[in-house]
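Student: Could you walk me through this protein, one question at a time?
Tutor: Gladly; let us look at the structure together.

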Amino acid sequence: MSDETRLPSLSAGNAAPMEQRDHDGKPLYRNAVVASWCRAEDDPEVVEFSFSSEEPVERYFGMEVLSHDPGAMNMARLNSGAAPWLWNHNPDVVLGGVEKAWQGSDGRGMVRTRWSPNTKSEGSDEWKVRQNWEAGIIRNVSFMYSIDAPLDLKSREGVALVTAFTPMEVSTVSIPADATVGQGRAIGDTAAPAADPTQPPIDPMELTIDIEAVKAQAAADERSRVASITALCREHKADDLAQGLIERGATESEAMKDVLAAIGKRAKQPAQPIAAAAQPIAGGSADIGLTDKEARNFSFLRAMRAQLFPNERAFQEEAAFEREASKAAAQRMGMSPKGILIPNDVLSRSLTAGQASAAGDLIFTDARPGSFIELLRKRNFLTGLGVTILAGLTGPVGIPKQTGASQVYWKGEGVAAAESEQSVGQVTMTLKEMSAWTRFSRSLMLQSSIDVETFVRNDLVTVMALEQARVALYGLGSSSQPEGLKLTTGINTKDFAANQPTYAELVDMETQVAADDADIGTMGYVTNATTYGGFKTTEKAANTAQFVLEPGGTVNSYGVVRSNQVETGDVFFGVWSQLVLGLFGAVDLQVNPYSEDKEGNIRVVAHQAIDYAVRHPQAFCRGNNTL
């Protein structure tokens, strides 16, 4: 690292002009260019670099040199833990904090800084600066300081020597040395003050820092840290960790790691067996207790990049949250993923319509995500029906089912009662794995756009959710597929007289379920858009102007869901809570950069194991005119 080179006129500036602490109490700034910097070996969030030297700088009052003799630089502020690391001296854009300051063996001022958690928030100003810093694009630093003693004008010929000064903050800055930006100017001024020949030269010394303001800012920062850690621990039921994290001075990022680790340990506790199961279900749920905000912030793109570039520290650091969440899910499930596990918390908040098919047009300068043309997809009919979900399964599951009741007998006095027993059976589920894969270009994977993240997330999650819904109705029960309702033995059927069912036929579907004593929960109809449209035009009875689809969107007083996943002519009716979806583990996301390396493409594969079971087949009825 070297300070700015001496310029023949007023020297270097930056976005917040370097300034002389003059009689108005304004601070001074100095620029330097970072020749090299390093991370601390024990912590990738820590960086060290030099920020000051004895290089002469031309002020409007003459050449100035900061003495780096022992004791000249007061490092108390930098070593207090309250000094920030800023962007362009802007107190609203905090890159991190200064942990330690010292003078190196060559006499230069050195700092050890820690990145703020804000630099991990993709798309934020802090995040952008960190990307450019680590890529070597931004290499300029500056620091603000006050002069604490009168200038020494005699020790070095032609130079005003600053014998005592206090650095107050360090900044990464965007604009390097620039002869058009003067030093010794007040904030907002556009020119150096003109010399007044009738007045003596300005003596810009003997001013002090506003210690009270510094203390107030430090107190505010500490209150914010304590509040954030307290809220984080309370949200994840880890209140016992809060006090220790606060007392040891942990950052919000460090606190998050400890909380996720605690969640993972908590997940190792033996899972409570489901009361109705024939055997305990091994493992635990892949839901690790993420908040809505945390689930939204889980980035598929960062997770993929971490797998794609395992030796790139920057990508590994970016995906720290995703890797911690995957680790917690794996611990909770008692499994070792081949890629990165996507916790159920994330998936349950991502089952929305996808964004698009081809992603090339997502990378453009004038991004307008609101105008992006989405792919037309079939509607997921399972959403909102109340299907029962058993998550966290890791092996075959048997759900006991009573198939017969005891008998009641009449007997005479003194006659022994006949013996009777209940009969029981079992509904089983075994894992059946489905995979969804897609390809992305290498350049797309390196993007950080919110649109690209949304595209990747929704495309993978949505296609898997839609296939889960399809096999719920039409799974073959063979070829590694679950068995769907259509082929389930024992469900009721109704043979319609024509393609479009009549109101009486739809009522009869309900009657069959009720006649089997299976009307034991909330019921509803599911059909496709064509049949649903017929409900709007088919009268319940001739010339009554009362149609099958009733005001409020009901049929026979029951809700109706339409989806083109339902095949032509089919109408399903039933108690949908009697349909059980078993999720074996979490989605395992794997990245393959080699399959199409010549084309520059990357294949991404998502694996999920599921199965369906029907508690009471009599609780459902399928209608069609081709039964």
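Student: Where is H89 found?
Tutor: This is a predicted model, in which local features need pLDDT of at least 70, side-chain atom pairs count only at pLDDT 80 or more, and totals for chains, interfaces and linings use all residues. Residues are numbered from 1 along each chain as its sequence is written, and side-chain values use heavy atoms, leaving out hydrogens and water. Strands (E, at least two residues) and helices (H or I, at least four) are DSSP runs, numbered from the N terminus. With that in hand, H89 is found in the loop between strand 7 and strand 8.

Student: Is H89 buried or exposed?
Tutor: Buried means under 20% relative accessible area, exposed means over 50%, and partly exposed lies in between (1.4 Å probe, protein chains only). H89 has 8% relative accessibility, so H89 counts as buried.

Student: What is the phi of N88, which is not a glycine?
Tutor: Most residues other than glycine have a negative phi. N88 sits in the loop between strand 7 (84–87) and strand 8 (90–103), and N88 is buried at 13% relative accessibility. H89 has a positive phi of about 60°. For N88, phi is positive too, at about 55°.

Student: How many helices and strands does the protein have?
Tutor: Of the 627 residues, 48% count as buried. As for the helices and strands, the protein has 13 helices and 26 strands.

Student: What is the strand order in the open sheet of seven strands?
Tutor: Two strands pair if DSSP finds at least two bridges between them. The pairing in this sheet is mixed. Its order is 18-26-23-19-22-21-20.

Student: Which are the edge strands of that sheet?
Tutor: An edge strand here pairs on one side only. The two edge strands are strand 18 (492–495) and strand 20 (549–550).

Student: In strand 26, which residue is the bridge partner of D495?
Tutor: Strand 18 and strand 26 run parallel and are joined by four bridges. Along strand 18 the side chains alternate: N492 and K494 point to one face and are buried, whereas T493 and D495 point to the other and are not. The bridge partner of D495 in strand 26 is N624.

Student: And in strand 22, which residue is the bridge partner of V555?
Tutor: Strand 21 (residues 554–555) and strand 22 (residues 558–562) run antiparallel, with two bridges joining them. In strand 22, V555 has as its bridge partner Y558.

Student: Which residues does T388 contact, leaving aside its neighbours within four places in sequence?
Tutor: T388 is in strand 14 (residues 388–393) and is buried, with a relative accessible area of 19%. Its side chain reaches the backbone oxygen of S577 at 2.7 Å. Contact means heavy atoms within 4.5 Å. By that rule, T388 is in contact with W576, S577, L579, V580, L581 and R615.

Student: Why is helix 6 said to be largely enclosed by the rest of the structure?
Tutor: At the start of helix 6, a side-chain oxygen of S299 reaches to within 2.9 Å of the backbone nitrogen of R302. The buried residues of this helix are F300, L301, R302, A303, M304, R305, A306 and L308. Helix 6 (residues 300–308) is largely enclosed because its buried residues number eight of the nine.

Student: Within what arc do the buried residues of helix 3 fall?
Tutor: The buried residues of helix 3 (residues 239–247) are A242, L245 and I246. They line one face of the helix, because seen down its axis they fall within an arc (that of the directions from the helix axis to the C-beta atoms) of 95°. On the other side of helix 3, D240 and E247 are exposed. To repeat the arc asked for: 95°.

Student: How many residues does the largest nonpolar core have?
Tutor: A nonpolar core is a set of buried Ala, Val, Leu, Ile, Met, Phe, Trp, Tyr and Cys residues joined through side-chain atoms within 4.5 Å. In the largest one, F300, M304, L589 and V604 have the most contacts inside the core. Helix 8 (residues 320–333) gives it the largest share, five residues. The number of residues in this core is 43.

Terms used. Polar contact = N/O pair within 3.5 Å; in protein donor to acceptor, adjacent residues only side chain to side chain.
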